[in-house]
Amino acid sequence: MVCAAWLGLVTACAPQAPDHSSWRDQAHLSLEDVGSNVSTMSLVLQLVQDGRMFGKYQQIVALNSETNAGRTTDHFSGEQPEPQDDATYRRVTTVMSDAGDLLADVRIALVRRDSSQYPRLAQELAHMTHRLTRAEAAVRR
Amino acid sequence: MKKVFAVALGILTAIGGFVDIGDLVTNAQVGARFGLSLAWATVVGVVGICVFAEMSGRVAAVSGRATFDLIRERLGPRVGMLNLLSSMLITMLTYTAEIGGVALALQLVASVHELLVVPVVAVVVWVVLWRAKFSIIENVFGLLGLALVVFGVAVWKLGPDYGALLHQAVGAHKPSDESWRTFAYYAVALFGAAMTPYEVFFFSSGGVEEHWSPQDVGTMRANVLIGFPLGGALSLAIAASTWLVLGPLEISVDTLGQVGLPIAAALGKLGLAVAILGFVAATFGAACETGLSVAYSIAQYFGAQWGKYVRPREAAFFHLILALATLLAVALLMTTVDPILITEMSVVFSAVALPLTYFPILVVANDPDYMGEHANGRLANALGVVFLGVIAIAATAAIPLLIWTRMGQ
């Protein structure tokens, strides 16, 4: 019992260290998840531009997308990569972090109802989706 | 005329009351990823719930006693306790998920953090369960739940290729970018969502509350055999709408807000407002049903006075359990656990508990001492045994699939 508790305590403090294959699986799933949240925000922005959503609803969906993407990024950043994955780690965490920043920008614009920003943000979201898809493809290789 | 009205009302409330937070989330998740290729799992689940709800309703109508009451008497306190523990654990988890679901639905219009809404929702649920008549709880929320028909309207408005949708549903082909294990995991989740144990407890106890007699068996059958399949059709409409709007964008559903996006895309603000009304009504109605199911089952097992047809003072133990269950649900939600996660867990663990819930119902419905000439016939027994086999497979596979797929990832 004591040994098990000690083991639990020690492993809880250490970062997760999956092997190469598991780490790549994690990277792929995390990119997919962030991509899903970016696409959600893209759809919300399009619906808002078309006058098909009301204020409170769009705020909540936007906030949820931002929170979920941030949670995924934080979780993935805490996974310890093997040395051979260092370059991929930098690439993946950079694109996920940029996606998080963009989602925050969109949420700010939506809450402020700053419609002049919508066309630019829609373009940036489309570009971000493309970056995330390329990163996913690179991780798969 | 009065009879026709009663049948129509029963069917409508059965349709509106069929969908709860588990159906909303699971069908939207599956629809966005798999389209209608897992429609067969919903269909199997709906047929299964029809088979066992009909049995438990018949037991209530003929014996005048609820299923749990008879399970303990017929199978003894030990088997009764096993049945009670397994189903109560799931029903309590579902009750928590439903209260969380109401909070999430209200958050979409109030823009207030769900943790501030949860205690308010819990108090309102408790007051309704304490003060409101059973017929009001059943009919009002069941009828308001019909607002979810908006998903069917959205599918029609989106103008899909119906042939392709039908081909997807009938062919049951797994999408090429999904693995067999996630396909199987979501099949079990859909089956669990359709066959949640609380539905039969609520149905049979509700029959006793409404003083069903053998003359009401026909009305009860109409409610089950027409209302539940139409409720299942609503579930399929949710899956189809998310497939049409979220599927092409590769959006996975993690929040209740995403479930409404296809409605906004198809029908705009008005449609979205109706969908939110449907979310609130479906989850609030299910919260009342699950809360009552917890209290019904525990009070029936311990032989205490129970039900809404007696004054609260006469069913003090029943109302105490209701209050404690509500407090426990709030305490769980206030730990900041995601209600959607609780929902996902509840539908999968529901599949695990199904054999312990449904086997005793089959035994009691077969017993001529209780049922007389209304005991199960050959068809009911054959269907019951076949579905117990399906339930056993789903129950065995649920936990390994949960671990293997990391909850469907």
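In chain B, helix α4 (residues 67–110) packs against helix α14 (residues 339–365) at an angle of about 160°, and their axes lie 9 Å apart. Helices here are DSSP runs of H or I of at least four residues, strands are runs of E of at least two, and both are numbered from the N terminus. Axes are lines fitted to C-alpha atoms, for helices over the stretch in contact, and angles run from 0 to 180 degrees between N-to-C directions. α4(B) and α14(B) are therefore roughly antiparallel to each other; angles over 145 degrees earn that label, those under 35 count as roughly parallel, 65 to 115 as roughly perpendicular and the rest as oblique. The crossing of α4(B) with α14(B) is left-handed, meaning that the near helix is turned anticlockwise from the far one by less than a right angle, whereas a clockwise turn would be right-handed. The residues of this contact comprise 19 nonpolar, 11 polar and 1 charged. In this count, Ala, Val, Leu, Ile, Met, Phe, Trp, Tyr, Cys and Pro are nonpolar, Asp, Glu, Lys and Arg are charged, and the others, Gly among them, are polar.

The structure is a predicted model, in which local features need pLDDT of at least 70 and side-chain atom pairs count only at pLDDT 80 or more, while totals for chains, interfaces and linings use all residues. Residues are numbered from 1 along each chain as its sequence is written, chains are lettered from A and ligands numbered from 1 in the order in which they are written, and side-chain values use heavy atoms, with hydrogens and water left out.

Helix α14 of chain B has a further partner in helix α3 (residues 39–63), at an angle of about 50° and with axes 10 Å apart. That angle makes α3(B) oblique to α14(B), and this crossing is left-handed. On the α3(B) side the contact (heavy atoms within 4.5 Å) involves B:I49, B:F52, B:M55, B:S56, B:R58 and B:V59, and on the α14(B) side B:Y358, B:I361, B:L362, B:V364 and B:A365. These residues divide into 9 nonpolar, 1 polar and 1 charged.

Two residues of that contact, B:F52 and B:Y358, reappear in the largest nonpolar core, where they and B:F279 touch the most other members among 149 residues. Helix α12 (residues 256–301) of chain B gives the most to this core, with 20 residues. A second, separate core has 18 residues, including B:Y186 and B:L402. Such a core is a set of buried Ala, Val, Leu, Ile, Met, Phe, Trp, Tyr and Cys residues joined through side-chain atoms within 4.5 Å; buried means under 20% relative accessible area, exposed over 50% and partly exposed in between, with a 1.4 Å probe and protein chains only. Leaving aside neighbours within four places in sequence, the contacts of B:Y358 include B:M195, B:P197 and B:L388.

Chain A contains 5 helices and 0 strands. Of its 141 residues, 43% are buried. Among contacts in chain A between residues at least 6 apart in sequence, 81% join residues at least 24 apart. A:H28 belongs to helix α2 (residues 20–49) of this chain and is buried, with a relative accessible area of 16%. Beyond four places in sequence, A:H28 touches A:E136, A:V139 and A:R140.

Contact between the chains appears at B:S111, in the loop between α4 and α5 (114–131) of chain B. B:S111 is partly exposed, with a relative accessible area of 27%, and touches A:K56, A:Q59, A:I60 and B:L106, not counting residues up to four places away in sequence.
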